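Okay, thanks for coming, everyone. I've got one structure to walk you through today, so let me put it up on the screen.

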Amino acid sequence: RLAVLHDDPGLPHHGEAWDTNVDASSWIWDGILAGAMSAATIALFFLLLDVARGRPLWTPYALGSAIFMGRSVAANAFPVPAIVAAYTVLHGTVFLIAGLAASFTLLGHRKHLGFAAGGLVALALFAGFEAFFLVFFTTFAGSVSSGLFAELGTGRIAVANLLAALVMAGLSLRPPLER
């Protein structure tokens, strides 16, 4: 069990433990759940878009090809399962790390944050997801990134990241899992 203390006079219960019943490992499980569900939200969003366009799994194939091989793929290219799987592992790992970071950061604060603060958490996560994607992708995908951004649509990427941020904020701000 952890006792999370704070000294900010602007916060409730100044000088007292926020939550003495927080299991030290609960934030890990909560972070894993938040990260996995956020990654799955994005994957499902793009799977639905890809299926609607008649090209299932094209998005993870295109992103994986750009990141791992530095090349673009045609809009009608048949996805290579190994590249889809490798990208899925990378994507899941990034979101697991983000989920763990969000859960740890909010440890002990969950029951004291209201709806407005939850919105700010979601907004911060969204901004972080957008910035990370843009920096990571342009760094590792290099010259093919602009064509792929045009094909994927920066608006669709933003919607997917917003959905993931809402899922992660919602899961990170709910009461910890009881084990």
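**The pocket and its surroundings**

So, let's start with helix H3: with nine residues, H3 gives the most to the lining of the largest pocket. Before I go on, keep in mind that this is a predicted model.

Who else chips in? Helix H1 (26-52), helix H2 (58-69), helix H4 (115-141) and helix H6 (154-173) each supply at least two residues of that lining, as does H3, which spans 81-105. The volume of this largest pocket comes out at about 640 Å³. There are 32 lining residues, and the closest to the pocket centre are Ile-42, Tyr-87, His-91, Phe-95 and Phe-133.

And what's the mix of nonpolar, polar and charged residues in the lining? We get 25 nonpolar, six polar and just one charged.

Now, hang on to Phe-133, because it turns up again: Phe-133 forms one aromatic cluster together with Phe-137 and Phe-149. Over the structure there are seven aromatic pairs. There's also a charge over a ring: Arg-55 lies over the face of Trp-58, 4.0 Å from the ring centre.

Last stop, the loop between H1 and H2, which is where you'll find Leu-57. Most residues other than glycine have a negative phi. Leu-57 isn't a glycine, yet its phi is positive, at about 65°. Is Leu-57 buried or exposed? Somewhere in between: Leu-57 is partly exposed, with a relative accessible area of 41%.

That's my tour, so over to you for questions.

Notes. Residues are numbered from 1 along each chain as its sequence is written. This is a predicted model: local features need pLDDT of at least 70, side-chain atom pairs count only at pLDDT 80 or more; totals for chains, interfaces and linings use all residues. Side-chain values use heavy atoms; hydrogens and water are left out. Rings of Phe, Tyr and Trp (its six-membered ring) pair if their centres lie within 6.5 Å; planes under 30 degrees apart count as stacked, over 60 as edge-to-face and the rest as tilted. A charge sits over a ring if NZ of Lys or CZ of Arg is within 6 Å of the ring centre and within 35 degrees of the ring normal. On a 1 Å grid over the protein atoms alone, a cavity is a set of points where a 1.4 Å probe fits but cannot get out, and a pocket is an open set with protein on both sides within 12 Å along at least five of seven lines; lining residues have an atom within 4 Å of a point. Grid points are joined across faces, edges and corners, and a volume is the space filled by probe spheres set on the points. Helices (H or I, at least four residues) and strands (E, at least two) are DSSP runs, numbered from the N terminus. Ala, Val, Leu, Ile, Met, Phe, Trp, Tyr, Cys and Pro count as nonpolar, Asp, Glu, Lys and Arg as charged, and the others, Gly among them, as polar. Buried means under 20% relative accessible area, exposed over 50%, partly exposed in between (1.4 Å probe, protein chains only).
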